[in-house]
Protein chains: 2
Amino acid sequence: MVGIFQRSLRLRTALRHLSPQSPLSWTVTGRHTPLDLHCPFLPSTSWQFAVCSRKLHTGADRPSPAAAPDRLPFSRITQEDLAFFRKILPGRAVTDPDLLESSNVDWLKSVKGSSELLLRPQTTEEVSQILKYCNSRNLAVNPQGGNTGLVGGSVPVYDEIILSTALMNNIFTFDSISGILTCQAGCVLENLSLYLDDRDYIMPLDLGAKGSCHIGGNVATNAGGLRLLRYGSLRGTVLGLEVVLADGRVLDCLATLRKDNTGYDLKQLFIGSEGTLGVITSVSILCPRKPKSVNVVFLGCETFEQLLKTFQLSRGMLGEILSAFEFLDSECMRLLNTHLKLRNPISDCPFYIVIETSGSDSTHDGEKLHHFLEEAMTSSLVTDGTVATEDSKIKALWSMRERVTEALTHEGFTYKYDISLPVERIYQLVTDMREHLGGQAKSVVGYGHVGDGNLHLNVTSAAKDPALLAAIEPFVYEWTASCNGSISAEHGLGLKKRNYIYYSKPSQAVALMGDIKAMLDPKGILNPYKTLPDDLK
Amino acid sequence: MVGIFQRSLRLRTALRHLSPQSPLSWTVTGRHTPLDLHCPFLPSTSWQFAVCSRKLHTGADRPSPAAAPDRLPFSRITQEDLAFFRKILPGRAVTDPDLLESSNVDWLKSVKGSSELLLRPQTTEEVSQILKYCNSRNLAVNPQGGNTGLVGGSVPVYDEIILSTALMNNIFTFDSISGILTCQAGCVLENLSLYLDDRDYIMPLDLGAKGSCHIGGNVATNAGGLRLLRYGSLRGTVLGLEVVLADGRVLDCLATLRKDNTGYDLKQLFIGSEGTLGVITSVSILCPRKPKSVNVVFLGCETFEQLLKTFQLSRGMLGEILSAFEFLDSECMRLLNTHLKLRNPISDCPFYIVIETSGSDSTHDGEKLHHFLEEAMTSSLVTDGTVATEDSKIKALWSMRERVTEALTHEGFTYKYDISLPVERIYQLVTDMREHLGGQAKSVVGYGHVGDGNLHLNVTSAAKDPALLAAIEPFVYEWTASCNGSISAEHGLGLKKRNYIYYSKPSQAVALMGDIKAMLDPKGILNPYKTLPDDLK
């Protein structure tokens, strides 16, 4: 079951099992999410394998900072413990190894734990009882939503008890006036989207993993996704949370208010803390109206500077209807042509842009787009372009951006980085990396979310190549740090990236994170080995 | 140009005059803020005076929970202390009582401290030196921005040293591609707005106090204001903060990234913590483009239910251009007529709505508004209305909403409440209060931000009336609590409301706030007597 897929042949096989044909009723655009964001079964960096084998060395013979630390001295589960859990969760304390298998392994099949107990509570009270008991017994707990994370944060590292939110999937309320939805943490994002679709609303976030991921997990990891440019981050759209703390206390901050300035905003502590500070049991979230009109444009630019000017122009002329501004470079296009036989819909250019608009009036949106394109062409910012308004054409244009990762998997071994930078610097990293690596890499490609300043940098080689990795890292992290960028724009730190935190956060900040962890979870039972670096443990 | 149109015929005529041709020089920033939000020198509740006199009793003879607690055992300033501060801040350690006077008293003249030292640092390093010294000496500190707060949070209660950010007013950077501004905490909001105006951007928040308030204070109090419906709260738009902790440590979280998931988002701790956890020294914030087109509509409704349906319709039909949806009741209109001689621009109705749109295309915005108004009239949701597209007329219509507080001050003594509720409940509180008080009050009026679920409830009497106050409180707080509302939607808790926190937050949450305070400021020197209730001290 836990395969480590190697090389493109197996990957191609794996890709056939990916979900496109599954009845995904994607809402707004009808499109699929970029595979680079949340593609199951695709190795995203070389050290994923190391986490399984616990042997990876980066570069020369240094131990990988991604490798798991030694098991901490938590208690081991006894028969008395099992009896307790079976009593409070009749039929929902799972110990069958076969049933535990899929919960012990992450989506990417890159991290495998050895938990012997999976708990499936249905209520907040049950979660509270579980954590109170585990805390008193010093038993480690791995909170798990849809298990779709990419940094090894959602699976046990050793024998942590898996606490799944899968059975906590009730929608409590939806206020069709304010657009505020309240539900349990285990609701699957896609189910919430379908529920809202009937009510003329959408979720403020959309992810490739929507068919599996839980809203509680989305909040716990501060998931970004495709709608961030338009609707902002979960820090603004999540209005309230109910959280169970490590010792079983229930923290009720499940407000459904847009404004509330009574004391510190505690819910923010739990957004993006990856289950290390508490277990999110319920969520209230502000949902936008469903847009009535969607358009997609594919454009070509001669330089990245022109691309940035086009972005600026679009912000001014498309204004409130701009909902995505993505880019890919000519190397990406070459991969799309070569490996997926996708035809460039416009003439060859060094850079390509995908712009999406969504609004409440198709005539108006069409006119705005027309004026914008006229100006962009007249000013020679873009050299060629094509527009789609129909669903099938929209999907075809989006696929030029979304299938880059798939194309990359056919090119060889890929070293992947998810970097956040000041928007004007995002392509410089690609250029500098190309120069830095010289002939060492097969190709260095860049694509991503211009609107969010989020670059996906990918370096390919014929095979796994420790010397190449040593040339890439820590160069890529140091370069990012020198621009005050983030070494994890949206994926979080989890197990895999925890020790890279200092590239993006100063030591004082990391020390304060440690203080917060110690305050909320003094025994460290919640999702150990994750998010915080080993030197704080 | 701005007609007063009655009934559907006139409204339809008005629609023909909508904006395409009008040269709208008026922008969102150009108008005045509702006085009820931040009006200097207007008493907002009866107990403000009590804080000065330390004698107020609410209701019968209970001590007011708003009264200041006893002075805590902080050190008193010595000559050695003064010598230290004069050395590190030459000419900027102010002890002249006349110069200290305005910093010791809040805008409302309702709270007066007795600080004998005002420090005016210019740099983060100076703030760090000050706090390190104060912490070691156990000297209490009152961080102060523009001193425009309404809950006594921005002035000393006893002899706390005032640490002003007034001289920390440098703009560091503005990225015209991403719209990200980085500046010191003491920049005045209006100055930032003017700076951005030249660059075709606006600040994501706007307040009546913009001419005085500092961006650092805005962030420290999580200021709401007029643009929240459109651009969201500061929790989403603030991208980074630099903060000096109580012991002088500098916490650099001054990121300028839209996405960053590397560890806990520490800056959120300081947003809305009212200077009790650290002193914000620098801010980075995401700024929206300046809208090219603004329209304002004034409408009348027969029932609040119709008003809510109109809100829902506007969210669907105005969609991305809706930027404000405010309301006032007929009692407010009576006060405007009686005390300010403002004439109702439409026929008499039980409820009035002010809608603002802002967008990037005046023709499109005008058309959307036209269709929306036609539908609202056809469906009999609104009975009358008038539209303004020119600056002076827009201001005139806005004044019907903004000058309600001013009108109230002429009516007698006013008990004011700033309540956040699920949007469908906001007027029920007014109705219930009216019924509850019977003939005890002169008038009970309601107005506010429908879009944000934020009600301004005002009860007037001929003079200050403890019996009336006892009838209002805790009724208003209990009512709010029963709907999971907030007893402070946007003003914070400060000194005045700190003990009411339990109406909106459960004890577990308040206890955790106390833990956070103890972790970050173990000696409690930062803004003592504020935000947290006395029973945590």
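This briefing looks at how chain A and chain B meet and how the two copies are related. Keep in mind that the model is predicted. Putting the two chains together buries about 7,300 Å² between them, with 55% of that on carbon and sulfur atoms. The contact draws on 89 residues from chain A and 89 residues from chain B.

**Symmetry**
- A rotation of 180 degrees, with 0.0 Å of shift along its axis, lays chain A over chain B at an RMSD of 0.2 Å.
- The two copies are thus related as by a two-fold rotation axis.
- If you want to find that axis from chain A, look at G236(A): its C-alpha comes closest of the chain's residues, at 2.3 Å.
- The copies meet through the same surface, because 100% of the interface residues of chain A are interface residues in chain B too.

**Salt bridges and polar contacts**
- Eight salt bridges turn up across the interface of chain A and chain B.
- In a salt bridge between R235(A) and D265(B), the side chains sit 2.9 Å apart, N to O.
- Between chain A and chain B, 47 residue pairs are in polar contact, counting pairs with both residues at pLDDT 80 or more.

**What chain A brings to the contact**
- Several elements of chain A each supply at least two residues to the side that touches chain B, among them β10 (250–253), α12 (304–317) and α14 (362–378).
- The largest share of that side comes from α20(A), with nine residues.
- Sorted by class, the side of chain A that touches chain B has 33 nonpolar, 34 polar and 22 charged residues.

Key: Residues numbered from 1 in each chain as written. Chains lettered and ligands numbered in written order. Predicted model: local features only at pLDDT ≥ 70, side-chain atom pairs only at ≥ 80, totals over all residues. Heavy atoms only, no water. Contact = heavy atoms within 4.5 Å. Buried area = accessible area lost by both parts, 1.4 Å probe. Salt bridge = Lys/Arg side-chain N within 4 Å of Asp/Glu carboxyl O. Polar contact = N/O pair within 3.5 Å; in protein donor to acceptor, adjacent residues only side chain to side chain. Helix = DSSP H or I, 4+ residues; strand = E, 2+ residues; numbered from the N terminus. Nonpolar A, V, L, I, M, F, W, Y, C, P; charged D, E, K, R; others polar. Least-squares fit on C-alpha atoms with pLDDT ≥ 70 in both.
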